[in-house]
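Here are a few exercises to work through with the model open beside you. Try each task before reading its solution.

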Amino acid sequence: MIGLTTTPVPLAINSTPYDGRAACARCRQCVGFACPVEAKNGSDTTVLARAAATGNLSVLLGTRAERIVTDATGRVTGVDLVGDIGGSRWRRMVGAYDVVVAAGAIESARLLLASGNEREPNGLGNAHDQVGRHLQGHLYGGAIGIFADAVNDLLGPGPAISTHDFRHGNDGLVGGGMIANEFVPTPVSTFGYLRQAGLIGPHGLAAKQGVRHLLPRMQRVVGPVQEVTSADNRVRLDPTVTDSLGIPVARLSGRLHPNDLAAMQLLGERAADWLRASGATTAIAYGFPPGNVAPSSGQHQAGTCRMGTDPATSVTDPYGRVWGHPNLRVIDGSLHVTNGGVNPVLTIFANAFRIMHTWVGSGGGYL
Ligand code: SF4
């Protein structure tokens, strides 16, 4: 007994048939793959599907927003689009009464930065050099446990139990993180985990047999670290490199904070304690990605257009409206002041609904 307080893991997956879609079929490839029965509740299966059903939604394929256009007062009047059809480049401005930017923390910041004009040469909402700063992601800490008997039924999605005991109140640390048993791994990711833990060799028959033997006897317990924010972790426009449609690409810079690495180590040690108490004969703590010191924004990006009440230290007001642009909103993880020690998707959903309810509740106008 190690006395952890535990809770189920909210996954935004249909556990029973819901909204015309099936319950999870418990396949073995949940993360990173399309759901074969549409049990996942992503924007594609929920809000976009509902919007399409109204007949008022258009989705433009092969098209990118190049810049947001404003008038002399800062009011947004439209968006410049660029696309490619069969190698033929086209450009068009689409007029808009309201614009919502929801492209994720890297691309939303990139679009605001790329939309500079005479009035705001450094990008929209960037009078105080805040757009793109405080980029966060999630460093992961955890442990891999090996048991004498098969313990993993390999039925997806996998996570069923978590503890939030280490998210806050850890001696000498700011923040911490949730840890949970992990998603059912694919064979190739199993190979990577076992290899990183030094439990199998790099190749050959012995490595193959090791994966086969250890896969059902392996359980990982891992979780995301609440990263300490830093203004130096940021998204900027690359001055020389452009994408296939001629738009400057995002350049990321910054470093993880020493506190992040210490929290990662703590989560790994506590996860190993959990696995040993559960009967693991081997429990090895490790961080993910291994040896990482750069911004961990490969997933769960957040924080580049932080909301706040002071235009000097934030990009938007508490309702996602970009300072100086009453009809331009950012509604995604970019608004997060900190990213927390859990997957941020439910917070992104909740914040989006909070903002939209306030907006629609005001009759579609401005508060
Ligand atoms: S495990 Fe994930 S991908 Fe597989 S059926 Fe369930 S929700 Fe869909």
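Contact here means heavy atoms within 4.5 Å. Keep in mind that this is a predicted model.

**Exercise 1. Which residues does Leu-112 touch, not counting residues up to four places away in sequence?**

Step 1. Select Leu-112 and look for its partners: they are Ile-68, Gly-123, Leu-124, Val-131, Cys-305, Val-315, Leu-328 and Val-330.

Step 2. Now place Leu-112 in a wider setting. The largest nonpolar core has 23 residues, and Leu-112 is among those with the most contacts inside it, along with Ile-68, Val-101, Leu-328 and Val-330.

Step 3. Find the elements behind this core. At least two residues each come from strand 2 (76-85), strand 4 (99-101), helix 2 (105-114) and strand 12 (328-330). Helix 2 gives the most, with five residues.

Step 4. Look for a core apart from this one: another has 19 residues, including Phe-166, Leu-173, Leu-256 and Met-264.

**Exercise 2. Find the largest cavity and describe its lining.**

Step 1. Start with the count: the structure holds three cavities of 30 Å³ or more. The largest has a volume of about 100 Å³.

Step 2. Turn to its walls. Of the 16 lining residues, Cys-24, Cys-27, Cys-30, Cys-35 and Pro-36 lie nearest the centre.

Step 3. Sort the lining by class: 12 residues are nonpolar, two are polar and two are charged.

**Exercise 3. Explore the second largest pocket and the backbone of two residues that line it.**

Step 1. The second largest pocket contains about 310 Å³ of space. Its lining has 21 residues, and nearest its centre are Leu-11, Arg-26, Pro-157, Gly-158 and Pro-159.

Step 2. By class, this lining splits into 11 nonpolar, seven polar and three charged residues.

Step 3. Before checking the backbone, recall that most residues other than glycine have a negative phi, and most peptide bonds are trans.

Step 4. Take Pro-157, in the loop between strand 5 (140-146) and strand 6 (162-163). The peptide bond leading to Pro-157 from Gly-156 is cis, with omega near -5 degrees.

Step 5. Take Arg-26, in the segment before helix 1 (47-53). Arg-26 is not a glycine, yet its phi is positive, at about 60 degrees.

**Exercise 4. Is His-134 buried or exposed?**

Step 1. Locate His-134 in the loop between helix 2 and strand 5. Its phi is near 65 degrees, a positive value in a residue other than glycine.

Step 2. Apply the cut-off: buried means under 20% relative accessible area. His-134 has 10% relative accessibility, so it counts as buried.

Step 3. For contrast, try Arg-26: its relative accessible area is 41%, so Arg-26 is partly exposed.

How values were computed: Residues numbered from 1 in each chain as written. Predicted model: local features only at pLDDT ≥ 70, side-chain atom pairs only at ≥ 80, totals over all residues. Heavy atoms only, no water. Core = buried A, V, L, I, M, F, W, Y, C linked by side-chain atoms within 4.5 Å. Buried < 20%, exposed > 50% of the residue type's maximum accessible area, 1.4 Å probe, protein only. Helix = DSSP H or I, 4+ residues; strand = E, 2+ residues; numbered from the N terminus. 1 Å grid on protein atoms, 1.4 Å probe; cavity = no way out; pocket = protein on both sides within 12 Å on 5 of 7 lines; lining within 4 Å. Points joined across faces, edges and corners; volume = space filled by probe spheres on them. Nonpolar A, V, L, I, M, F, W, Y, C, P; charged D, E, K, R; others polar.
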